[in-house]
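Visitor: I would like a close look at one part of this model. Please take a single pair of packed helices and set it in the context of the chain.

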Amino acid sequence: MTGALARFLADPRRAAVGAAVLAALLLSGTVLLTDPPYVTGDEPPHTDYAYQVWHGELPVFEEGLELRPDGARLAPVQWTAQHPPLYYVLVAPLVGPLADAGHPVAAVYAARAVNTVLAGLFVLVAWWSAGRICHPGSMLPRLVALVAALAAAVAHAGGNAFNDLVAALCVTTMFGVGATAIRRGPGTRLVVLLCLLAAACSLSRLSAAIIATVITAFVVLAGSVRAAQGRGRWAPVVGLAVGAPATVLAAAGWFYARNLALTGNIQGSHFDWALANQVREVRPVWEVVLDPVIWARLPDLFWWAGRVPPATPYSATTLTLTTLLLLWTPLVIALLPHVAPVLRRLRGGALAGRTAPAPRAVLPEVDGAVPAHPVPAGAAHVERPVDRLLVTLLPWAAVAVSVSVQVLYTAASGGAYPRYLLPVALPVFLGVAAGLARHPRILVPLWGAVATADLVSWLVAELTTPPQPGLYGEPTALAAVVGGLAVCASVVAIRAVVRTIPSAPG
């Protein structure tokens, strides 16, 4: 194990990825220590869900919480009961015995520790999957690792007892496997792996199951095109088209049937209760689409104060700055080289008094259109333009579907939090990384400096805020030490990635 790690880190590019993983672990550890136990409205129900699973039960919304620590912010109902049980099965062997022994604080810290490890694993998987989408030698995968490591939403999910990271990890892995299947053709092993990953997604969160469906559909389409062109076989395509839904139904169909029986809808939502008891409202879809706060807040995976609405001048300011500087500016920079030729053609056609010729597909293709891995010259493995097009479209189609679902959910009185987009974090990270890659020696340090400054401002604000009366407090001194180490690790990761950037990237 040690030898394999040493060989991995011997390459400076992989060492940069290792530095990003370490930064993610320390940043999640910082959140783990900085956030007082059970301080948010969601963490007690998530921990209670694992506690009930340990006792052989599944929670019911109306029955409330069974685990009720004295210093916790207790939810009046069990509002995480609609989630599938994968994460809770994973942490139940830690949460259950500790809670039964009278250590509810240790129980929530144990669940958080699992997520901290998952945060580091998520960065590694994001790097791996980006490598399956990008061309060989591209700098984007290690930029993706850095962006993922410094993403506040990853650290918040990694430092709290939430189920978001399990879902994000399953979907992000599926992106990489799906891209491989599109480029190489869906062989038997890839089909089996995709079916198992789809089942895992459906057992983690419904949002993850939706994106797993998108990925599966793209692989089936790509495999069908290959088979029709004589480059592949129909059997794996049919196997995936039939096997994925069958595996999902066998693994998780029972749970969604339970949601339907208990609540009248598959997602298990209780919108009527939320409208009556929380600060929620039903809005027309068009109003949500035109709300600038939604487009500032929902996709901003880099906003350290992103757990709460922008209700104070501090959180509103940091939301604005991080959204503009860390999200939309890199995305615009990434899109400009693809949009500018289209605009020039349209302008040229209008000036000539004729209709401009239809441009070829100018999409924000992920750093080139060549195979992610060398493949044999045999017909079954020849990559065609349609394969490259589908690999390019896959992440953006997933983002479009996820955002559409979140808009509809928000319009129906649901919340809008950055962590809700973690299942499609990889495409967002790819877009940001593509923007930084335009001038990486300048933009990567600047982007990292802004991200780190927001981290420091959040950390200072959190550690100087006294605990609320009646609630648990945090180990402030230890949190400050780990936070300082996390800031140093972030700077080291930024520096390590910059050192791997060629002087004149092509």
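Guide: What follows starts with the whole chain, moves to one helix pair, and ends with two loop residues.

The model is predicted. The chain has 19 helices and zero strands. It holds 506 residues, and 53% of them are buried. Now take the contacts between residues at least 6 apart in sequence. Of these, 79% join residues at least 24 apart. The chain exposes about 21000 Å². Carbon and sulfur atoms supply 69% of that area.

Now the helix pair. Helix α10 covers residues 206-228. Its partner here, α9, covers residues 188-202. Their axes lie 7 Å apart, and the packing angle is about 160°. The cut-off for roughly antiparallel is over 145 degrees. α9 and α10 are therefore roughly antiparallel to each other. The crossing of α9 past α10 is left-handed.

Which residues meet between the two helices? From α9 come L194, A198, C201 and S202. From α10 come A208, A209, A212 and V219. By class, seven residues in this contact are nonpolar and one is polar. None is charged.

Stay on α9 for one more residue. L196 also lies in this helix. Is L196 buried or exposed? Its relative accessibility is 52%. The threshold for exposed is over 50%, so L196 counts as exposed. L196 can also be placed against V248, which sits 52 residues away along the chain. The C-alpha atoms of L196 and V248 are separated by 8.1 Å.

Two loop residues deserve a check of their backbone angles. Y38 is in the loop between α2 (12-34) and α3 (43-54). Its phi is near 60°, a positive value in a residue other than glycine. Y38 has a relative accessible area of 1% and is buried. The cut-off for buried is under 20%.

S413 is the other one. It belongs to the loop between α16 (385-411) and α17 (425-436). S413 is not a glycine, yet its phi is positive, at about 95°. Its relative accessible area is 1%, so S413 is buried.

To return to the pair: α9 and α10 are roughly antiparallel, with a left-handed crossing. Their contact has no charged residues. On α9, L196 is exposed.

Terms used: Residues numbered from 1 in each chain as written. Predicted model: local features only at pLDDT ≥ 70, side-chain atom pairs only at ≥ 80, totals over all residues. Heavy atoms only, no water. Helix = DSSP H or I, 4+ residues; strand = E, 2+ residues; numbered from the N terminus. Buried < 20%, exposed > 50% of the residue type's maximum accessible area, 1.4 Å probe, protein only. Contact = heavy atoms within 4.5 Å. Areas by Shrake-Rupley, 256 points an atom, 1.4 Å probe, with all protein chains shown as cover. Axes fitted to C-alpha atoms, helices over the stretch in contact; angles between N-to-C directions. Parallel < 35°, antiparallel > 145°, perpendicular 65-115°, else oblique. Left-handed = near helix turned anticlockwise from the far one by under 90°. Nonpolar A, V, L, I, M, F, W, Y, C, P; charged D, E, K, R; others polar.
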